[in-house]
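Q: I have a structure on the screen and would like to learn how to read it feature by feature. Could you take me through it slowly?

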Amino acid sequence: MSATTATMPRPDFIHVEDYNFWYGQNQVLFDIDMEIPECQVTALIGPSGCGKSTLLRNMNRMNDLIDGVSHKGDIRLNGTSLYDPDVEVISLRKRVGMVFQKYNPFAKSIYENVVFSLRVAGRGKRCELDETVERSLKDAALWDEVKDRLHDSAFGLSGGQQQRLCIARAIANQPEILLMDEPCAALDPLATLKIEELITTLKKQFTIVIVTHNMEQATRCSDRTAFLYMGKLVEYGDTLQLFGNPKQKDTEAYISGRFS
Amino acid sequence: MRQPSKENNLFVSTGRSSKGEPWIWLTAGGLSLGIVMVIALLGLILIKGVSSFWPRQIVVMQIDGENGSNKMAGYITERSERPSEGGNRIAQIQIFRGNKDIYGESFLYLDERNIKSQEISPGYMLVERTEYGPAILKPVKLVTPSGTIEEGTQGFDDAVQRMIAINEEVREQTRHIERKLIGANARAIRDIEIDLKVGKVEAEAAAAMREVLQEEFVKFQADAAKVRERIAGYEFHGLTADGREVSYMGSQLLGSFRPNDSNWFQRFWEMLQRMWRFLIEEPREANTEGGVYPAIFGTVVMTLTMTFFVTPLGVIAAIYLREYAKQGQMVRVVRICVNNLAGVPSIVFGVFGLAFFVYFVGNSIDQVFYGDKLPTPTFGTPGILWASLTLALLTLPVVIVATEEALSAVPRGVREAALACGASKWQAIQRIVIPASLPGIMTGIILAMARGAGEVAPLMLVGAVKLAPSLPIDDIAPYIHPERKFMHLGFHIYDLGFQSPDAEAAKPIVFATALLLILLVLVLNLTAIIIRNRLKKKFAVSHF
């Protein structure tokens, strides 16, 4: 079910429908309604605490881990509701990979980091693992740097390399969607540039949703951008259009930096 | 030079940084006091423990007291003062003169003013015996099956050493016959009795079997007697300082040393040999002589068994408490209870262990599996298994608390990453969280081992004894005997120090045993720490 096999990219590959979300009594998302197209990069921007990370983390139900959360509305993935009782959250997460703000490789070798998702899925055939490691690391533009030390600890890598390793790990089991939660927040500009280049190449294979604080980054690497403010979706459209000619006053204020 | 005005000078002194913050000396003083106390404790035990092995020189003294003139030989163990009438203080010395069979007491206090002369005269020998502790005497002659050798002639000392070596072999062989062969014989006879009682064998058949075993027993005894014949022809004659003639059979002698005629290296070598014998020999004479091997063995086996029980139990409980249980009032109460369990006096655990493990569990096992042997209990009596379980319970809170802390220290991001890769919660815990928290878990286990190895009070109720006839692990099938009683270094110290018939004679061994217990705990801990540091290197968690 790889995205690349689909003949026509779906415009509503991820469909968020009137989605509301609460942490306990505290509502953080209000009536979000958006369609995220297949094989494109969609950026979520907005000030801190606006709910963009929460929205992202609900796309693979990562927020289920937190006690006392509740939601109303639905998120559909290629037409299937994430909250369908038949959907097992583990198989959902196999289809939706995630990269975090803070690079977090496991205390294992580079090789074992990449194949972790295959191991937990019970796929341990040597040739398959080798193949996956090479493919994923190549896709994450890390192969040439680490191919001679695959069995060294992942902690020996630089910060940027560790984050690319995390990307390789997230795409190893060939998910359809890649969620990225401020993937460059902890990196220096050069490493950031590399990751951004990577995002541009990866969108051929994956549908990417990225949360970012950096508006240049959103303009550089996303096709569509959504601006969230106070838990509401203020504006959503093509990146060039949203940054060049925002329709809402709030959006304009935020992107021009006149926002506290 | 212009005086800077107070208002303009931004860096005007507050008077603190230059003189130092107040009360820092108090915190440093607290630490220093603690360090001094630890060093003093270790130093005292080290010095006393090691010096108890040092072969001291034998002093021959001429004494003129109220009871007339007397000559005695011994080594000085202590110098002190005692008050006397008129407010004077009289210097006195304590000497060890050995020969308890002759004098009744081997330690003795002497007023220094009564000592007319003292000299370290050559020729005196310290002889270790199977009974009554060491003897201090001047050798006279050695009777061997091939003739008599006089003291002072060529080869006398070599002949004594040869005799002692022969006696050692004889003792080894007879111990083998008595413990192993006769022991097995006795067990076979007992099994027949049991079979007879429950009606597994006919009375006639039993009698026939008993007959065979009886014959075997007689044969073993004859074998042992034959072995003993090798040492029978030896006799050792000596003279005490006050002129009494003494003689010992060859089978009574275990070792000899001439401290007055030895140089420093010979005495140092003798000290090392004594230490080695202390480690590998069994205790003799109500534990005041001989070694502590069974106690070392018992302590190590008990501690490792305890660790074997407490580790999985504590880790599993902590995983549930931290990872799966719904964090709420209930879990908080459980956590408080676990923490309080660590504060329960250890003797209470001993009482619980006796009541629950020994009387309830042990008796039930006996009823079900060893009914034939009743009323003789097998598991329904204190033993090393119950001691280990009791101490496992005692140290459980330590492991749980440490494991919980280690689990909660694993960064949230790493868990989320594992889950985002499609791992189930258990897979994430098993493959990522537990490896990352292993060093912390190991720390808990180290603390638990240190606590368990040093605990004495509960052991007295659930299995530690003054003298265990056999080790909990040996070469008699089924090789591991979890129901057996065992000796323990901590209990050994208590027993020697407070229960010994000859407190003075036991004193050096108390210090030596204390030193050994400290070293043992140190070795166990160091091993665990080395393992932990290896794991730490392997599973190091990145610091952001």
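A: The turns below go through the contact between the chains, the domains of one chain, an open pocket, an enclosed cavity and some single residues. Please keep in mind throughout that this is a predicted model.

Q: How does one describe the size of a contact, and what is the area buried between chain A and chain B?

A: The size of an interface is often given as the accessible area lost when the parts come together. Between chain A and chain B the buried area is about 2,100 Å², and carbon and sulfur atoms give 67% of that area. On the side of chain A, the residues that lose the most area to chain B are A:Phe106, A:Phe116 and A:Val120, which together make up 22% of what that side buries. Counted by residues, the contact takes 24 from chain A and 21 from chain B.

Q: Which domains is chain B divided into, and how far apart are their centres?

A: The domain bounds come from an automatic or database assignment, and for chain B they give domain 1 (59–119) and domain 2 (293–538). Taken over C-alpha atoms, the centres of domain 1 of chain B and domain 2 of chain B are separated by 49 Å. The contact between them takes six residues from domain 1 of chain B and four residues from domain 2 of chain B.

Q: What area do domain 1 of chain B and domain 2 of chain B bury between them?

A: Domain 1 of chain B and domain 2 of chain B bury about 340 Å² between them, with 40% of it on carbon and sulfur atoms. On the side of domain 1 of chain B, B:Gln94, B:Lys100 and B:Phe107 supply 69% of the area buried against domain 2 of chain B, which is more than any other three residues supply.

Q: Where does the second largest pocket lie with respect to the two domains of chain B, and what lines it?

A: One looks at which parts give residues to the lining. Both domain 1 (59–119) and domain 2 (293–538) of chain B do so here, and therefore the second largest pocket lies between them. The volume of this second largest pocket is about 760 Å³. Its lining holds 31 residues, and those nearest the centre of the pocket are B:Ser52, B:Tyr75, B:Ala505, B:Pro508 and B:Ile509.

Q: Which element gives the most to the lining of the second largest pocket, and what kinds of residue make up that lining?

A: The most comes from α14(B), which gives seven residues to the lining of the second largest pocket. Elements of chain B that each supply at least two residues include α1 (24–51), β2 (68–83) and α5 (264–280). By kind, the lining of the second largest pocket divides into 13 nonpolar, seven polar and eleven charged residues.

Q: How should I read a cavity, and which residues line the second largest cavity?

A: A cavity, unlike a pocket, is a space where the probe fits but cannot get out. The count comes to four cavities of 30 Å³ or more, and the second largest cavity has a volume of about 60 Å³. Residues of both chains line the second largest cavity: A:Arg93, A:Lys94, A:Gly97, A:Ser117, A:Arg169, A:Ala170, A:Asn173, A:Pro175, B:Ala420 and B:Cys421. The elements that give two or more residues to this lining are α2 (89–95) and α7 of chain A. The lining of the second largest cavity divides into four nonpolar, three polar and three charged residues.

Q: Is A:Gln161 buried or exposed, and which residues does A:Gln161 touch?

A: Buried means under 20% relative accessible area, so A:Gln161, with a relative accessible area of 12%, is buried. A:Gln161 lies in helix α7 (residues 159–171) of chain A, and A:Gln161 touches A:Leu142, A:Glu145 and A:Arg149 when residues up to four places away in sequence are not counted.

Q: Where is A:Met230 found, and does A:Met230 count as buried or exposed?

A: A:Met230 is in the loop between β9 (224–229) and β10 (232–238) of chain A, and at 56% relative accessibility A:Met230 counts as exposed. Phi of A:Met230 is near 55°, a positive value in a residue other than glycine.

Note on methods
Residues numbered from 1 in each chain as written. Chains lettered and ligands numbered in written order. Predicted model: local features only at pLDDT ≥ 70, side-chain atom pairs only at ≥ 80, totals over all residues. Heavy atoms only, no water. 1 Å grid on protein atoms, 1.4 Å probe; cavity = no way out; pocket = protein on both sides within 12 Å on 5 of 7 lines; lining within 4 Å. Points joined across faces, edges and corners; volume = space filled by probe spheres on them. Helix = DSSP H or I, 4+ residues; strand = E, 2+ residues; numbered from the N terminus. Nonpolar A, V, L, I, M, F, W, Y, C, P; charged D, E, K, R; others polar. Buried < 20%, exposed > 50% of the residue type's maximum accessible area, 1.4 Å probe, protein only. Contact = heavy atoms within 4.5 Å. Buried area = accessible area lost by both parts, 1.4 Å probe.
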